[in-house]
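Student: Got a minute to go through this one with me? I'd like to start with the helix packing.

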Amino acid sequence: MPENMDCCRKFTLVCLLSLVVATVFSQSKNPIYLDYIRKYKDIAIEHQKRYKIPASITLAQGLIESAAGTSELAKKSNNHFGIKCHNWNGASFTMDDDKRNECFRKYRNPEESWVDHSEFLLTRPRYAFLFDLPKTDYKGWAKGLKKAGYATASDYAQKLIKIIEEEELYQFDRPAKKVRPIPNELNYK
């Protein structure tokens, strides 16, 4: 009997340790990122269906380009993807970026920015090759966006891949499969 109790105690200890590790891991994620993901994951999944752009890529770009919706550009112009005014007749916002006083597109709301981002990628010939990649190939998309010149940062592809993997955004590229809930998601609805 004592041997069985020892085994049960070990099993209980292993279970408790697993729970503690899982709790610490879920709490270690950036809460600002989690809020952004909660807010925009459904739009990202819908855009994946409509525009064939991986949801993970769109979410990662939004997180990076808008600092999860907290950047000056996101707050003052609802621009979540850093899209500049090239061939743009709408409202604009000027700020320093790679150069002084660069012109960025301004939107009435963040959702307009999401639509414009998808249409921007879909209608520019330099991004056309990306649509030949599987929607689950976030690494190919990340490298392709950098290659096509979406951003000037030399490590842009690595940043996208890192954020996708750290935040497990790849799960949104397969929306037909059961998507794991975001930690504490019920608290934010």
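**Helix 7 and its neighbours**

Tutor: Sure. Among what covers the buried residues of helix 7 are helix 2 (31–51), helix 3 and helix 6 (138–147). Keep in mind that this is a predicted model.

Student: Which residues of helix 7 are buried?

Tutor: Tyr156, Ala157, Leu160, Ile161, Ile163 and Ile164.

Student: And where do they fall, seen down the axis of helix 7?

Tutor: Within an arc of 165 degrees, so the buried residues line one face of helix 7.

Student: Now helix 3. At what angle do helix 3 and helix 7 pack?

Tutor: About 110 degrees, with the axes 9 Å apart. Helix 3 spans residues 55–66 and helix 7 residues 156–166. Angles of 65 to 115 degrees count as roughly perpendicular, so helix 3 is roughly perpendicular to helix 7.

Student: Which residues meet there?

Tutor: From helix 3, Ser56, Ile57, Ala60, Gln61, Leu63, Ile64 and Glu65. They meet Tyr156, Lys159, Leu160, Ile163 and Ile164 in helix 7. By class, this contact has 8 nonpolar, 2 polar and 2 charged residues.

Student: What phi does Glu168 take, just after helix 7?

Tutor: A positive one, about 55 degrees.

Student: Different topic: Ser71. Where does Ser71 lie?

Tutor: In the loop between helix 3 and helix 4 (72–77).

Student: Does Ser71 count as buried or exposed?

Tutor: Buried, because its relative accessibility is 18% and the cut-off is under 20%.

Student: What does Ser71 touch?

Tutor: Glu65 and Ser66, leaving out residues up to four places away in sequence. Glu65 is also one of the helix 3 residues that meet helix 7.

Conventions. Residues numbered from 1 in each chain as written. Predicted model: local features only at pLDDT ≥ 70, side-chain atom pairs only at ≥ 80, totals over all residues. Heavy atoms only, no water. Axes fitted to C-alpha atoms, helices over the stretch in contact; angles between N-to-C directions. Helix = DSSP H or I, 4+ residues; strand = E, 2+ residues; numbered from the N terminus. Parallel < 35°, antiparallel > 145°, perpendicular 65-115°, else oblique. Contact = heavy atoms within 4.5 Å. Nonpolar A, V, L, I, M, F, W, Y, C, P; charged D, E, K, R; others polar. Buried < 20%, exposed > 50% of the residue type's maximum accessible area, 1.4 Å probe, protein only. Arc of directions from axis to C-beta.
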